[in-house]
Amino acid sequence: MAAKLGVGTADRDSLVRTITDVLDRDDATVAAVCGLLRARRSHAAEVLAFELAARLNAELDAVDWITSPQQVTRPESHDCDIAGWADGILVRFQMRAGRLRTWTQRACTRTRAGAYLTSTPAEWADFAHRNAQLAAQLARPRLPGCEWATGS
């Protein structure tokens, strides 16, 4: 497979360096890798290789995910309780010694969620709210035969 893609043993050090730089979130390397993936995706779509284009799009999503800001660990030893609420679902996270230790979700009214929400540190409010929205969306009943329905 490597030979088919034009990759040989001489490319090893360069590939390792690129992967390491992406994992280190080096802006220039991430931009170059994403640019290459976008160009390959565009070419695949032009030649009607839609499955390949979809795989390349998934790889772009993966690079975006792996280089997105870290939320579940902190370098400093930090303890806090974090909560988010959306559409009747309360999600709670416990951060202990700088690491996300527990996560729970349950049905809850906005009023009952209030105390948890007001004690959430401001820097975690958006993270908690986004996760509550996702939990609420996943908790919505699906129509029989329409598993893809999003409820929107």
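Tutor: pLDDT is the predictor's confidence in each residue, from 0 to 100. This model is predicted, and local features need pLDDT of at least 70, side-chain atom pairs count only at pLDDT 80 or more, while totals for chains, interfaces and linings use all residues. Residues are numbered from 1 along each chain as its sequence is written, and side-chain values use heavy atoms, with hydrogens and water left out.

Student: Over which residues is the pLDDT below 50?

Tutor: For the chain, the mean pLDDT is 88, and 91% of the residues reach 70 or more. One stretch has a pLDDT below 50, and beyond near neighbours in sequence it has five contacts (heavy atoms within 4.5 Å) in the model. That stretch is residues 148-152.

Student: What kind of aromatic pair do Phe93 and Phe127 form?

Tutor: The whole structure holds two aromatic pairs (ring centres of Phe, Tyr or Trp, the last by its six-membered ring, within 6.5 Å; planes under 30 degrees apart are stacked, over 60 edge-to-face, the rest tilted). For Phe93 and Phe127, the centres are 5.3 Å apart and the planes stand at 50°. The pair joins distant parts of the chain, 34 residues apart, with Phe93 in strand 2 (residues 89-96) and Phe127 in helix 5 (residues 122-139), where helices (H or I, at least four residues) and strands (E, at least two) are DSSP runs numbered from the N terminus. By its angle the pair is tilted.

Student: Why is the pair of Trp124 and Phe127 given its class, and what is that class?

Tutor: Trp124 and Phe127 are three residues apart in helix 5, so about one helical turn separates them. Trp124 is buried (under 20% relative accessible area, with exposed over 50% and partly exposed in between, for a 1.4 Å probe and protein chains only) at 1%, and Phe127 is buried at 10%. Because their ring centres are 5.4 Å apart and their planes lie at 80°, the pair is edge-to-face.

Student: Which residues do the ring pairs link into a cluster?

Tutor: Both Phe93 and Phe127 are buried. Leaving out residues up to four places away in sequence, Phe93 touches several residues, including Cys80, Ile82, Trp103 and Phe127. The cluster that the ring pairs make consists of Phe93, Trp124 and Phe127.

Student: Which element gives the most to the largest nonpolar core?

Tutor: This core (buried Ala, Val, Leu, Ile, Met, Phe, Trp, Tyr and Cys joined through side-chain atoms within 4.5 Å) has 13 residues, and among those touching the most other members are Ile82, Phe93 and Trp124. Strand 1, strand 2 and helix 5 each supply at least two of its residues. Apart from this core lies another, of 10 residues, among them Val22 and Val63. With six residues, the element that gives the most to the largest core is helix 5.

Student: Against which strands do the buried residues of helix 5 pack?

Tutor: The buried residues of this helix are Trp124, Phe127, Ala128, Ala132, Ala135 and Ala136. They pack against strand 1 (80-86), strand 2 and strand 3 (99-107).

Student: Is Leu48 buried or exposed?

Tutor: Leu48 has its place in the loop between helix 2 (27-46) and helix 3 (50-67). Its phi is near 65°, a positive value in a residue other than glycine, and most residues other than glycine have a negative phi. With a relative accessibility of 61%, Leu48 counts as exposed.
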